[in-house]
Amino acid sequence: MKTRTKVVVIGGGIAGCSTLYHLTQEGWSDVMLLERDELTSGTTWHSAAQVTNFGMNQTMVGLKSHSIALYKKLRDDPEYPVGYHHGDGGIRLANKPEQMDAYHHFASMARGMGVTYEVIDAAECARRHPLISTDNLLGGLWDGEDGDIDPAQLCQALAFHARKAGAEVHRNTPVTALRQLEDDTWEVETPNGTISADIVVNAGGYRVNEIGAMMGVHHPVASMEHQYFVTEDIPAIVEADHRMPLLRCPISDYYSRQEKNGLLVGFYEQDCRTWGMDGISPAFSNDLCPDDLDRVMDVLEGAFARMPALTEVGIKRVVNGPITYTIDGAPLVGPIPGKRNAYCIIGLRAGLGEGGGHGWLLAQQIVHGEACYDTWVLDPRRFTGHANVELTALKAIEDYQNEFRFHYPHEHRPAGRPAKTTPLTPVLAAEGAQFTVVNGWERLEYIKPAPGYTEDHTFKFSNAFDVIAAEVAAVQNGVGITEVNGFNRFEITGTDAHAFLDRMCCGTVTRKPGRVGLGYLLNHHGMLKSEATFANVPASHSGPDRIWYGSAAAAEFHDMDWLQAHLHDDEDVQIKSLTNDLTILVLAGPKARDVLSAASRGDWSAAAFPWLSLREAFIGIAPAVVMAVSFSGELAYEIHVPNAQLYAAYLALRAAGDAHGLRLFGSRAVESMRMEKGYLHWKADILTEFDPFETGLDRFVKLGKGNFIGKEALAKRAETPPAKRLVSLKINAADRPAYGGASVMVEDKVVGTVTSGDWGHRTGLNLAYAFVDADHSAIGTALWLDLLGDRIAAHVIPSGPYDPEYARVRA
């Protein structure tokens, strides 16, 4: 075993083998995999090994499509063929119209990735899968690419081809210690010697946190026991002239696929249990948990009703093994928060089906800094300080119990809540608040019109439509207040602070004291990395001159890693996180100045405190930093208050607002208003797949300024017209919005994809943003959207149809 390598991958399941293979495909041969036992001896060996093309966002569809293409290639490789049943097809069943609407949406979303799903009725489901009953069945979603693969053969084939390309694979080589040196390289200690590596990758499966502990990190991954059984031969399968499609049933919480001439049937029972929470025996390898079919009897009864053939055959074997989950069910693939040269590919609950794609995207990130897709849905930094194994276990149980029940728009499931709160959370709850969750924070979504009010779960406009409309009207015509908690905020100080940010940002970073500006950070490929506000807080009793860097709540770990990674050793710059220390109260509406003036001393007139100004002040007795900025398009103020004084500030503003009809509003109203103003959301509309010119942010780019990250690449991209452009669309539908992922069409060709959509209550327009082919981006261009299976007309309109002159924010 050599003692120096570029990358050490720890773990020999599908995650590790796929990463190793794809690193060699990206041109790195000096890479090594270490496995504590034999390859596939963890979860991989007992996997049900289903391979599907289904995903609920385009990144997941893309990585699954890559997996399928890779597995077909390995299947057909004469040197090391893999057993792969491709194209058996698969059906996801539905017994509710809302589920069928969702399937139509997923089909539209996949269409933009070149993947075809069919939405079929109950009779067609039974025709394609003759073992199922149509009782209590409305229809289903057909994925013609579904199949299954041999787990051991797949991993051995990936390792074989990686070795051929120069990689090393060492079995029976456990990692016993990890040490990061001052130059950010790693020492990897094993019983067979110590390896010096530039980069380490945690692909440890259910032992992920044993490896994480060696690195001083804690990953939000928990394991669940999962059972399936394999039946004896079923006569109908023996006699059939085709393999049975895979089946996934949200009605009865089970799945099945053909296994030889019988069926493999797996269960997601309500009486489920976590595994390994108090540690995992070192001897647990190629091992299983004890069978416990009594626990799945309720699910089994539903499976018997759907597939009566199951009642006529015996069980050949039962498998009960651990599978890993994260807080939101999606894997953690990418940089480990707070660490340099450290990555993970963990929490792969559907590892065999997706692992080829996950390893592909991770290898691209390691070698090139970014992947071909925006990978935020997989990024380990999307969870921050609240993410622990205890919370993950609660969410894992909830996800397990709802395995095939996708989230509806604005559906907020209760497990693990509340994770993060402010002093106002119970106050707002007492006033009827409905909360959404933003990076663990309980954030006001809207005020319920009655104590027992519940919102319908639907992909159409819900019964909350009029509730949101009333909040928007209150802001437009009077004044509203809301809490924006968890907003990411860094305090940046030092003599080189402005020069540092100027190098990080592609545009002008304002240096004027008491002013606020907006800027964009690029990656080294000239693509959009982050959006941030830069607020210059003058020296005062609170501290020296400082810059407040503000960005999306979810960006806390992501942006800190990016900024710290680009600090030069000789720069006088300090970065301190204030994210969890302060909360924003937003006053918005034409009477906002009246309320602020009544709650705080000083001259708050437009002349004394114009748009994009900043001032330290007291709101009642509470210290605050007030910024004249608006995400609603109305006159508005962001009031940044220390959490210890938040309640006092809130009471002062509510008291001052009594004379002006001050009303609470929530994030749903903000979403509607920001669509009308042409304002963008990070990781909805601002993606690493597009540069600022494609995203319509030309005014924030200064190619003539000094050097900045991504300048060379962006200048080269600027030499040719953008292939895609972000446009605003007016949609000719009053009953449904356009959700992210929906396909934008010209005739029968996909020309774009929706990123955001909502009803604009002030303009009366159904609005969406979408990246479309540049040839179809001109104002007035007629297009159509595939929305819930219907062809809906749309056309391109100017961005920001509400108050395009910005008169209201400057009033």
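**Entry 1: the cavity**

I began with enclosed space and found that the structure holds one cavity of 30 Å³ or more. The model is predicted, so local features need pLDDT of at least 70 and side-chain atom pairs count only at pLDDT 80 or more, while totals for chains, interfaces and linings use all residues. Residues are numbered from 1 along each chain as its sequence is written, and side-chain values use heavy atoms, with hydrogens and water left out.

For the terms, I worked on a 1 Å grid over the protein atoms alone: a cavity is a set of points where a 1.4 Å probe fits but cannot get out, a pocket is an open set with protein on both sides within 12 Å along at least five of seven lines, and lining residues have an atom within 4 Å of a point. Grid points are joined across faces, edges and corners, and a volume is the space filled by probe spheres set on the points.

I noted about 40 Å³ of space in the largest cavity. Its lining consists of His105, Ser108, Phe459, Pro737, Tyr739, Ala742, Asp786, Leu787 and Leu788. Helix α3 and strand β38 each supply at least two of these residues. I sorted the lining by class and got six nonpolar, two polar and one charged. Here Ala, Val, Leu, Ile, Met, Phe, Trp, Tyr, Cys and Pro count as nonpolar, Asp, Glu, Lys and Arg as charged, and the others, Gly among them, as polar.

**Entry 2: histidine 105**

I looked next at one of the lining residues, His105. Histidine 105 sits in helix α3 (residues 97–111); helices (H or I, at least four residues) and strands (E, at least two) are DSSP runs numbered from the N terminus. Is histidine 105 buried or exposed? It counts as buried because its relative accessibility is 7%; buried means under 20% relative accessible area, exposed over 50%, and partly exposed in between, with a 1.4 Å probe and protein chains only. Beyond its neighbours within four places in sequence, histidine 105 is in contact (heavy atoms within 4.5 Å) with Phe459, Tyr739, Gly740, Ala742 and Leu788.

**Entry 3: the barrel**

I followed β38 into its sheet. Six antiparallel strands close into a barrel, in the order β34-β37-β36-β35-β38-β39. Strands β35 (residues 743–746) and β38 (residues 782–787) are joined in the antiparallel sense by two bridges; two strands pair if DSSP finds at least two bridges between them. Across this pairing, methionine 745 stands opposite tryptophan 784 in β38.

After β35 I checked glutamate 747, in the loop between β35 and β36 (749–760). Its phi is near 55 degrees, positive in a residue other than glycine. Glutamate 747 counts as exposed because its relative accessibility is 62%.

**Entry 4: the loop between α10 and α11**

I found another positive phi, about 65 degrees, at histidine 410. This residue lies in the loop between α10 and α11 and, at 35% relative accessibility, counts as partly exposed. Proline 418 is in the loop between α10 (389–401) and α11 (425–430), and the peptide bond from arginine 417 to proline 418 is cis, with omega near -5 degrees. I noted these because most residues other than glycine have a negative phi, and most peptide bonds are trans.

**Entry 5: a pocket**

I closed with the second largest pocket, of about 690 Å³. It is lined by 32 residues, with Pro335, Tyr343, Arg381, Trp562 and Ala565 nearest its centre. Which helix gives the most to this lining? Helix α14 does, with five residues. By class, I recorded nine nonpolar, 14 polar and nine charged residues.
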